[in-house]
Structure formats: C-alpha cells, structure tokens
Amino acid sequence: MKAYKSGRWLAVAALVVLLTAGAADCGEDPVSAQAQPQEQGALPQAPQGKKWQLVWSDEFNGTALDWNTWECPEGPRRDGYWSKDDSYLSGDGLLVLRTRKDGEKFSSGAIRTRGKFEHAFGYWEARCRFHTQVGHWPAFWLYSPAEGQIGDGGRDGTEIDIMEKAWAADVDTTNVALHWDGYGAEHKSAGRKVYTPGVSRGFHTFGLWWSPEEYVFYVDGVEKWRSTDGGVCQAPLYVKLTDEIGDWAGDIKKASLPDYFYVDYVRVYDLTGE
C-alpha cells in the first residue's frame, strides 16, 4: 500500500507540474512568458560578399523604457485609447503592452521611435508572444514621418505592417500589409494573411527584408511574402509596436482582461561588405 500511495502521489505531482507549465503558456505573466522561449528565426542569407550588421536594437532590459529611444502616443485610438501606463518593461527582458478595462473605457499600450530612430532598408525583426483574448490586436509596423503623404505611390512613404494578429480564434494566422497614398480617397493597399502553425503559442520572430527593390516578409526565418506593390519605399521609416482595440479583432466586451502582448527584442540590420 505504501508503494501504491507513493506512486499515486508522484503521478499527482507530475500532473501539477504539467498544469503549471500549461498555465505559463497562456501569456498571463511576463516571467513565465520568458521562461519558455521557442527557437528563434535565422537572419536571411546575405548576398555574396555581404553580411548583416546590427545597426539598432532594443533588448528591453532594465526596469523602465528608454524614452530617449521611444515615445508613447496617448489619447483616443479606434474603440479605446492608448495609455503610457500600459507600455512598460517586465524587469526581466520583455516589453509588455497591456490591454485593460479602465472604468467604462478600454486602454492599451503603444510605443514608437518617431523622430528618434528613422531608417531606410535593411532587415527589421521583432520577437513576440501574442495575447489570448478577443477584441484587440498587436502589431509590429513601420511608419512614415510624412504620415499619409500622397504623390509618388509608396516610394515617398509606406506603412509597412510586418505583423498584425487580429484573429484570436484563427490561432495560426497573422497579417502582413502595405499602405500608401494616404488614408483617404487615394488610399491603396496590398497584403495577405500568413499561415504559421503554432504561431499563437510561445515566442516567434517576425521579420522584413526591405531592399530598394522589394519587400520580403518572414516568420521564424521562413519567407512568407514578396512584394513591390505601390513602388518600394525609398524614405526612412520609424518603428511602431502597438496594441489596438476594435471590431477587427472581435468584441472587446467579451474579453477577460487584462491581456498582454510581449516583445523580447526589436532589431535592425544593414548589409555591409565583408
């Protein structure tokens, strides 16, 4: 009987460990989120005679965002509002963008490098872990300081959505897109849904190889889409990491909040001679 009881309690203990690991995979706290990283995507193969060199990054170490690098847009945004209080570091290497109910309103986090880091071309990559609830969506995108300029297609400024995750129920799907010529009557766009099995579990990398000739989009180092739509942007853009509240992602009133989007790092590389 003692051996039987011992074996039974060992089985129960093992079950508790498994359940605890499962809870950590739900994105409920930054410490657990970082504890089980998945394999990172590799950089694309550089052309012969060239190599990738890191020119800018934020690893989100420390306990507070570097406001010399980032700014936080605040105020109404779609069906909620962006709040600086919802953009913060976990203290163990993660950016946290939180979505929450604030009284009768809903808020979420957003940061950008406008006027602080703006760059053209290269390989842009972020390593992220997604939210779990409906009604809001995270994004990693590049944006033009001209903000909606019209006149030369996308060459003088393009919104480049490297990753958007609008469909919590469609667990294996993200979105990539290009927008140019403003956001009014002249607006044009191109994009597609991207299928990546398991993308809603753990961390994954989302990358863009932006050359003067084309855009190439990647998830975990795997090419997903090539495009020259609109004419490839030739102007510097800045980084945006955001979470937005709106019907595209479902009804936020059905969400169990707060909910979180995590970013491990964002990095930018240029091609240089060997």
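This short presentation describes two buried residues and the nonpolar cores of one predicted model.

Residues are numbered from 1 along each chain as its sequence is written. Because the model is predicted, local features need pLDDT of at least 70 and side-chain atom pairs count only at pLDDT 80 or more, while totals for chains, interfaces and linings use all residues, and side-chain values use heavy atoms, with hydrogens and water left out.

I begin with Thr-173, which lies in strand E12, residues 173-180 (strands are DSSP runs of at least two residues, numbered from the N terminus). Thr-173 counts as buried because its relative accessibility is 7% (buried means under 20% relative accessible area, with a 1.4 Å probe and protein chains only). Its side chain makes a polar contact of 3.0 Å with that of Asp-170 (a pair of N or O atoms within 3.5 Å, one able to donate a hydrogen and the other to accept it; residues adjacent in sequence count only if both atoms are side-chain atoms).

I turn next to Ser-108, in strand E6, residues 105-108. Ser-108 is buried as well, because its relative accessibility is 2%. The side chain of Ser-108 reaches the backbone oxygen of Asp-243 at 2.7 Å.

Finally, the cores. The largest nonpolar core has 42 residues, and Phe-60, Phe-140, Ile-160, Trp-210, Val-239 and Leu-241 touch the most other members (a core is a set of buried Ala, Val, Leu, Ile, Met, Phe, Trp, Tyr and Cys residues joined through side-chain atoms within 4.5 Å). Strand E18, residues 259-273, supplies the largest share of this core, 4 residues. A second, separate core of 7 residues includes Trp-52, Tyr-123, Trp-209 and Tyr-269.

Key. Buried < 20%, exposed > 50% of the residue type's maximum accessible area, 1.4 Å probe, protein only.
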